[in-house]
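Here's a quick briefing to read alongside the structure. We'll go from overall shape to charged pairs and surface patches.

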Amino acid sequence: PIIYREDGEILPVDESDLPVVLPKDIDFSKPGNPLENHPTWKYTKCRKTGLKAIRETDTLDTFFDSSWYFLRFCSPNSQTEPFKKSSTDYWMPVDQYIGGIEHAILHLLYSRFFCRALKVCGYSVPIEPFKKLLTQGMVCHETFQTEKKKWVEPDNVIKKKDGYFSLSGEKLIKGRSEKMSKSKKNIVDPDYIIKKYGADTARLFMISDSPPERDLEWSEEGIKATHKFLKKIFEHLNNSFEFTLIFDRKNYTLNEAELELYNFLNKTIFSYSEDIKNYRLNNAVAKLRELSNLLIKLEKKGSFFNYCWSIFLRLVNIITPHFSQELAYNAGFKKNLHEISWPNYDSKSLQSSQVKIVVQINGKKKFILLVNEGVEKDEILEIIKKDKQYKSLDINKFKRIIYVNNKILNFVG
């Protein structure tokens, strides 16, 4: 509550005039601040001097609301108090906060001030309102300008051999990729993406392109590739398999290829679940791609493969719900996928399997070691030292030893 006096002084409202009651005859049909447009409310006088004054009409900054709204969410229907003690005691503090970098330095900082002030005023709120923070990256896109420095939307840009042009044929200057903003017009209309490729394509692309804490480079090529991936699986599965919830391992004899797939499937369930819980979303999608590629490569049918594809749809459902639900429905599953429990994995399949390590000297293959999956570099070096058939290899004379996990050990001299 501030007044701007006609002599140029900026003063707080006299305490005896508090609270300043807002008018009820507000016209919301005009653009801008309705208090600024009110004919009488903003005009007042200074109680001490009698000089004319104008009230501050910007009464509530948006950060004021966002500094405590999470408390209101705990009891949104309360009519007598902003939030109930029983509700905030149950729901607060917030388990996970996800937002851009500006949220970390502004919103979260102000939220702490509010909680401390509310605590002093006797409210039951935690001093630290949020347990964990994930600072997500920005969505970026290339920028385009005319020679007169006028920004042009990417949808209105045509790429030719001799450069970039507007729809009207005007030569454009391509700028660097920056955070999407209305001012620079480097935004992509989500309605266009959803209409052309579907919401699931947009979701899967954004999740799989980069880790959530890094900036995402929006790419039409990336969207097309993701859409092609989903379309490939849809055409491969639609009306050609039966949705299967249960696979009895004990009563089914798996051949070598099927056993390898079974172990890989269970490792995928485990690692995918861990990746999702730890916000390694792009890693999670990569594992699903590996699983689908392996299933398509084998091109087999039957109860076991029905089960494998059903697991795939149950896992991907949290990212592409429309895509997976339609395939499941067409395959005989008439319930919602989110109504069934999360897939369990066979813990025996997680036990260490063996991998082949290619041992090289200056990039040239010398021999292959068969070791347990996930073995550390030092363990491999010990195996080489102790095995008599490798006694001619003096590992101490090399300047560097490069190890690519589960694949290559290269001695560089």
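Buried here means under 20% relative accessible area, exposed means over 50%, and partly exposed is anything in between. By that yardstick, Asp-17 is partly exposed, because its relative accessible area is 29%. Keep in mind that this is a predicted model.

**Overall shape**

- The protein chain carries twelve helices and 18 strands.
- With a radius of gyration of 31 Å, well over the 22 Å that the globule rule gives for 413 residues, the protein chain is more spread out than a compact globule.
- Along its principal axes, the C-alpha trace spans about 100 × 65 × 60 Å.
- Of the 413 residues, 35% count as buried.

**Salt bridges**

- How many salt bridges does the count come to? The count comes to 14 salt bridges, and a few of them are picked out below.
- Asp-17 pairs up with Arg-47, and the closest N and O atoms sit 2.6 Å apart. This pair ties together distant parts of the chain: Asp-17 is in the loop between β2 (10-12) and β3 (43-45), while Arg-47 is in the loop between β3 and β4 (52-55), 30 residues apart.
- The two partners fall into separate accessibility classes: Asp-17 is partly exposed at 29%, whereas Arg-47 is exposed, with a relative accessible area of 56%.
- Glu-36 and Lys-42 also meet through their side chains in a salt bridge, at 3.1 Å from N to O. Glu-36 is partly exposed at 39% relative accessible area, but Lys-42 counts as buried at 10%.
- Asp-275 makes a salt bridge with Lys-287, with 2.9 Å between the closest N and O atoms. That one links helix α8 (residues 256-277), home of Asp-275, to helix α9 (residues 281-298), home of Lys-287, and the two residues are twelve residues apart.
- Is the acidic partner in that helix pair buried or exposed? Asp-275 counts as buried, because its relative accessibility is 4% and the cut-off is under 20%. Lys-287, at 22%, counts as partly exposed.
- Arg-176, Glu-178 and Lys-184 are joined in a network of salt bridges.

**Surface patches**

- Which residues form the negative surface patch? Glu-153, Asp-155, Asp-189 and Asp-191 do.
- Among them, Asp-189 lies in the loop between β13 (178-179) and α5 (190-197). Asp-189 is partly exposed, with a relative accessible area of 38%.
- There's a nonpolar patch on the surface too, made by Ile-2, Tyr-4, Ile-10, Tyr-43 and Ile-54. Together these residues offer about 450 Å² of accessible area.
- Tyr-43, one of that nonpolar group, is in strand β3. Tyr-43 counts as partly exposed at 47% relative accessibility.

**A spot in the β2–β3 loop**

- Val-20 has its place in the loop between β2 and β3, and Asp-17 is in that loop as well.
- Val-20 counts as partly exposed, since its relative accessibility is 25%.
- How far from Pro-1 is Val-20 in space, C-alpha to C-alpha? The two are 7.1 Å apart, with their positions 19 residues apart in sequence.

Definitions and conventions. Residues are numbered from 1 along each chain as its sequence is written. This is a predicted model: local features need pLDDT of at least 70, side-chain atom pairs count only at pLDDT 80 or more; totals for chains, interfaces and linings use all residues. Side-chain values use heavy atoms; hydrogens and water are left out. Patches are made of residues with over 30% relative accessible area and no salt bridge: like charges are joined within 9 Å, nonpolar side chains (Val, Leu, Ile, Met, Phe, Trp, Tyr) within 5 Å. Accessible areas come from the Shrake-Rupley method with a 1.4 Å probe; for residues, only the protein chains shown count as cover. A salt bridge is a side-chain nitrogen of Lys or Arg within 4 Å of a carboxyl oxygen of Asp or Glu. Lys and Arg count as positive and Asp and Glu as negative; His and the chain ends are not counted. The place of a charge is taken as NZ of Lys, CZ of Arg, CG of Asp or CD of Glu. Helices (H or I, at least four residues) and strands (E, at least two) are DSSP runs, numbered from the N terminus. Buried means under 20% relative accessible area, exposed over 50%, partly exposed in between (1.4 Å probe, protein chains only). The radius of gyration is taken over C-alpha atoms; the globule rule is 2.2 Å times the number of residues to the power 0.38.
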